[in-house]
Amino acid sequence: MTALCISAGVASITLYVNSFTLAWMHSVEKIRWEEQWTIHDNALHVVLASVRGSGAGMEPPPDAHLINGTWQYTPHIPPLQTLRLAHSPFTQGYELCFGGECYALDALMPELLRLDTMVLEACER
């Protein structure tokens with residue numbers, strides 16, 4: 001069974017999902033950014049990204065389309081074995097959405113240190 005494994009230090013969780021949305025607030029512009037990911041072939045594949053604005057290093061690429069006030073595009077990156085996210089008290093945390101609900105990543109992993117690196121990866125359990 002395909003799953004998403006998330007770890008940080010000694011903390012880890014396994015979520016039995018085939019796809020998820022990773023969302024965060026841009027630290028300067030305070031604009032929500034979302035990426036939709038799928039899991040297959042033991043890798044993470046980003047299939048769509050969207051952002052509700054531009055500025056401070058977040059300009060949409062030339063192939064983005066403005067749909068209902070959101071710039072949407074397909075990121076041109078190869079499948080990833082791991083995705084590393086910085087956890088910090090200086091920025092708003094990441095959200096992970098699946099099954100129609102969104103959860104703060106730090107709520108899913110209460111053992112996170114104040115400053116930590118979260119590692120997301122495809123796994124089979």
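**Strands, rings and disulfides, term by term**

Modeller: In this predicted model, phenylalanine 98 has glutamate 101 of S10 as its bridge partner.

Colleague: How many bridges join strand S9 to S10, and what makes the two a pair?

Modeller: Strand S9, residues 95–98, is joined to S10 by 4 bridges and the two run antiparallel; since a pair needs at least two bridges, they count as paired. The hairpin of S9 and S10 has 2 residues between the strands, and glycine 99 takes a positive phi near 60° there.

Colleague: What is the order of the strands in the open sheet?

Modeller: The open sheet has 7 strands in the order S6-S7-S5-S4-S3-S9-S10, with antiparallel pairing.

Colleague: Why are strand S6 and strand S10 said to stand at the edges?

Modeller: Strand S6 (65–67) and strand S10 (101–104) each have a single partner strand, so that one side of each is left without a neighbour in the sheet. From one strand to the next, the twist averages 30°.

Colleague: How do you know that strand S5 and strand S7 pair?

Modeller: Strand S5 (residues 43–51) and strand S7 (residues 70–73) share 3 bridges in the antiparallel sense, and because at least two are required, the criterion is met. In this part of the sheet, valine 51 stands opposite tryptophan 71 in S7.

Colleague: Why is the aromatic pair of tryptophan 24 and tryptophan 33 called stacked?

Modeller: The ring centres of tryptophan 24 and tryptophan 33 are 5.8 Å apart, which lies within the 6.5 Å allowed for a pair, and their planes make 10°; because stacked means under 30 degrees, the name follows. The structure holds 4 aromatic pairs, and ring pairs link Trp24, Trp33 and Tyr94 into a cluster.

Colleague: Is tryptophan 33 buried or exposed, and how do you know?

Modeller: Tryptophan 33 has a relative accessible area of 13%, and because buried means under 20%, this residue is buried. Buried residues make up 40% of the 125 residues in the protein.

Colleague: How do you know that cysteine 5 and cysteine 123 form a disulfide?

Modeller: The sulfur atoms of cysteine 5 and cysteine 123 are 1.8 Å apart, and because a disulfide requires sulfur atoms within 2.5 Å, the pair qualifies. The torsion about their S-S bond is about 85°, so this disulfide is right-handed. Cysteine 5 lies in strand S1 (residues 2–8) and cysteine 123 in strand S11 (residues 116–124), so the pair ties together parts that are 118 residues apart in sequence. Cysteine 5 and cysteine 123 are buried.

Colleague: What makes cysteine 97 and cysteine 102 a disulfide?

Modeller: From S to S, cysteine 97 and cysteine 102 are 2.0 Å apart, and because the cut-off is 2.5 Å, they count as a disulfide. With 105° about the S-S bond, this link is right-handed.

Colleague: Are cysteine 97 and cysteine 102 buried, partly exposed or exposed?

Modeller: Cysteine 97, at 11% relative accessibility, is buried because the value is under 20%, whereas cysteine 102, at 42%, is partly exposed because that value falls between 20% and 50%.

Colleague: Which pattern do the disulfides of the protein follow?

Modeller: With bonded cysteines counted along the chain, the pattern is 1-4, 2-3, and the structure holds 2 disulfides.

Conventions
Residues are numbered from 1 along each chain as its sequence is written. This is a predicted model: local features need pLDDT of at least 70, side-chain atom pairs count only at pLDDT 80 or more; totals for chains, interfaces and linings use all residues. Side-chain values use heavy atoms; hydrogens and water are left out. Buried means under 20% relative accessible area, exposed over 50%, partly exposed in between (1.4 Å probe, protein chains only). Axes are lines fitted to C-alpha atoms, for helices over the stretch in contact, and angles run from 0 to 180 degrees between N-to-C directions. Rings of Phe, Tyr and Trp (its six-membered ring) pair if their centres lie within 6.5 Å; planes under 30 degrees apart count as stacked, over 60 as edge-to-face and the rest as tilted.
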